[in-house]
Amino acid sequence: MTTDWKTLYQSGEAGWDKGAPAPGLLAFLAEMPLMGRVLVPGCGRGHDVRAIAAAGADEVIGLDLAPSAFAGAETVPNMRFVLGDLFALSTEFQSAFDAVFEHTCFCAIPRERRDDYVQAVAGALKPGGLLLGVFYLNPRDDPDPTLGPPFNATLEELDTRFAEHFTLLRSETPARTFPGREGREVLRLLQKK
Ligand SMILES: C[S@@+](CC[C@H](N)C(=O)[O-])C[C@H]1O[C@@H](n2cnc3c(N)ncnc32)[C@H](O)[C@@H]1O
């Protein structure tokens, strides 16, 4: 079944939205800002987009297929929102980014489309570009793969799906998370081959 993200936002059911950037992202940016052009797929209301822009990236693009996700959201000069589908990126967005930031988009994607997610992100990055992810691994206690969104993932799944196009540079449990997500996330830095 396809998720109607637009309606979830409009009906106030955006329970994933914490009104702030991912704490793990903020800790990472304090150590290593993402530079150049950065894409944030499934950006929602854009909290992570604004944080990456504030940390010094040249241009940050927040992409989401639900117009109600970022309608009226604050922007800053070096960021913009784009309405679009990660699985149908325009040629303008091919090999166009120095970095991609992932946060609660991968877990929104059903398993049968996750290889397409990896292809799309790899396609958006320049050679050698970075994928930083705060992957929400087990948003639900029941690991049944059919339940969701959000859908669970495992470290083994990430290893397998990303190995063809990416080299894993870092993998760690983020020191800071939103309350309730402790031990449920992994921060990964990957480089496009
Ligand atoms: C669980 S929400 C997370 C939003 C945001 N990252 C956050 O943490 O608040 C998943 C988001 O991904 C968007 N999304 C799902 N599939 C998408 C696709 N194929 N292309 C672009 N955005 C997508 C949804 O509209 C939704 O805003």
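In this predicted model, the shell around the ligand comprises 13 nonpolar, four polar and three charged residues. The ligand is thus surrounded by 20 residues in total, the closest being Trp5, Gly42, Gly44, Ala66 and Leu86.

The strands form an open sheet of seven members, arranged in the order E3-E2-E1-E4-E5-E7-E6 and combining its strands with mixed pairing. Strand E3, spanning 79–83, and strand E6, spanning 166–172, are the edge strands, each of which pairs on one side only. From one strand to the next, the twist averages 20°. In general, the strands of a sheet pair through backbone hydrogen bonds, in either a parallel or an antiparallel sense.

Strand E7, residues 185–192, is paired in the antiparallel sense with E6 over six bridges. Within this pairing, threonine 167 stands opposite glutamine 191 of E7, and arginine 170 has leucine 189 in E7 as its bridge partner. Strand E5, which covers residues 125–136, is likewise paired with E7 in the antiparallel sense, here over seven bridges. Phenylalanine 135 stands opposite valine 186 in E7. In the order of the sheet, E7 accordingly appears between E5 and the edge strand E6.

Among the helices, helix H2 (residues 23–31) and helix H3 (residues 47–54) have axes that come within 10 Å and cross at roughly 10°. Because angles under 35 degrees count as roughly parallel, H2 is therefore classed as roughly parallel to H3. The contact involves Leu25, Leu26 and Leu29 on the side of H2, and Asp48, Ala51 and Ile52 on the side of H3. By residue class, the contact of H2 with H3 consists of five nonpolar residues, no polar residue and one charged residue.

Several backbone features were identified in loops. The peptide bond from glycine 148 to proline 149 is cis, its omega lying near 0°. Proline 149 is placed in the loop between E5 and helix H6, the latter spanning 155–162. The peptide bond that leads from proline 149 to proline 150 is also cis, with omega near -5°. Proline 150 is found in the loop between E5 and H6 as well.

Positive phi values occur in residues other than glycine. For serine 95, phi is near 50°, a positive value. This serine 95 lies in the loop that joins E3 and strand E4, the latter covering 97–103. With 13 C-beta neighbours inside 10 Å, serine 95 is classed as partly exposed, because a residue counts as buried if 20 or more other C-beta atoms lie within 10 Å and as exposed if 12 or fewer do. Threonine 104, which is not a glycine either, has a positive phi of about 55°. The loop between E4 and helix H5 (114–124) is the place of threonine 104. With 23 other C-beta atoms within 10 Å, threonine 104 is buried.

Terms used. Residues numbered from 1 in each chain as written. Predicted model: local features only at pLDDT ≥ 70, side-chain atom pairs only at ≥ 80, totals over all residues. Pairing = 2+ DSSP bridges. Helix = DSSP H or I, 4+ residues; strand = E, 2+ residues; numbered from the N terminus. Axes fitted to C-alpha atoms, helices over the stretch in contact; angles between N-to-C directions. Near = placed C-beta within 6 Å. Nonpolar A, V, L, I, M, F, W, Y, C, P; charged D, E, K, R; others polar. Parallel < 35°, antiparallel > 145°, perpendicular 65-115°, else oblique. Contact = placed C-beta atoms within 7 Å.
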